Amino acid sequence: MPSNLTIRGRCFAWGQRTYLMGVLNMTPDSFSDGGDFNSTDAALVQAQAMVAAGADILDVGGQSTRPGAEQISLAEELERVIPIIKAIRSEMTVPISVDTTRAYVAKAAIEAGADIVNDISGGTFDDEMLPTVASLDVPIVLMHIRGTPETMQQMTEYEDLLREIASFLTEQILAATKAGIDQAKIIIDPGIGFAKNYEQNLEILRNLRSLTQLKCPILAGVSRKSFIGRILNQPNPKARIWGTAAACCAAIANGADILRIHDVKEMREVSLVADTLFR
């Protein structure tokens, strides 16, 4: 695996510590914080708070990817994400990722000041995504999914979960490098909660280290997710902070390099202790 990646002058030294990607959803319907940051002013305040609390990357998304979420129009997605990316960039130097499956949005976001493309489809929803990212020469997160957010929870039958995730990611890493993306700029994500049921989410966390064979940094997105709610019997995602903390600790112990999280201050403390114990 490459030892480091420099983004906007910041060195991400893989294996040295855990990096935190703060979630900034510009959506009215995300499962946890939908509607909380719908205005640019509110989103900017939240972005500043997350950076002050220790976020290494801000992940801006305009399309909800919760189970059952419907695709919004291209114009609406652009309207949601581009103004806040411009606003953050005018105020801060923090690396920004854009959470999108559309090549056009990815290009517009990078031109507005974003640095990374975070594609939940692993580059499969839009044939232009991988060539576009290659032409932009920016890092990309390739995530495993089956179906779309609308259909994915009906697609949880696997013969060998970790092998099939690794196979998909291997194919997409190859497709990305063939398109011209530098392998040192590829980050992988097993897609916890995306076409995975409760038991499968636990299996991924327990066996996350198996994905290190793909020689890419690993991003884990466990924050506030429904498998934690089931364990805690807690229907309110915002009340799952300490369950999220335990899942983040497990992810670090099992090889995660980046955590995509909502509660930055708390997970910063978790990662500092877990890094001291496990790295």
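**Packing of α3 with α4, and the setting of Asn201**

Helices α3 and α4 are roughly parallel to each other. The model is a predicted one. Two packed helices are described by the angle between their axes and the distance between the axes. Here the angle is about 15 degrees, and the axes lie 9 Å apart. Angles under 35 degrees count as roughly parallel, so the pair α3 and α4 earns that description. Helix α3 covers residues 103–112, and helix α4 covers residues 129–136. The crossing of α3 past α4 is right-handed. On the α3 side, the contact is made by Ala103, Ala106, Lys107 and Ile110. On the α4 side, Met129, Thr132 and Leu136 take part. By class, the residues of this contact are five nonpolar, one polar and one charged.

A second site centres on asparagine 201. This residue belongs to helix α6, which spans residues 198–206. The relative accessible area of asparagine 201 is 4%. Buried means under 20%, so asparagine 201 is buried. Which residues are in contact with asparagine 201, leaving aside its neighbours within four places in sequence? They are Ile192, Gly193, Lys196 and Phe227. Glycine 193 also offers a backbone atom: its nitrogen lies 2.8 Å from a polar atom of the asparagine 201 side chain. Isoleucine 57 gives a further reference point. Asparagine 201 and isoleucine 57 are 144 residues apart in sequence. In space, their C-alpha atoms are 24 Å apart.

Terms used: Residues numbered from 1 in each chain as written. Predicted model: local features only at pLDDT ≥ 70, side-chain atom pairs only at ≥ 80, totals over all residues. Heavy atoms only, no water. Axes fitted to C-alpha atoms, helices over the stretch in contact; angles between N-to-C directions. Helix = DSSP H or I, 4+ residues; strand = E, 2+ residues; numbered from the N terminus. Parallel < 35°, antiparallel > 145°, perpendicular 65-115°, else oblique. Left-handed = near helix turned anticlockwise from the far one by under 90°. Contact = heavy atoms within 4.5 Å. Nonpolar A, V, L, I, M, F, W, Y, C, P; charged D, E, K, R; others polar. Buried < 20%, exposed > 50% of the residue type's maximum accessible area, 1.4 Å probe, protein only. Polar contact = N/O pair within 3.5 Å; in protein donor to acceptor, adjacent residues only side chain to side chain.
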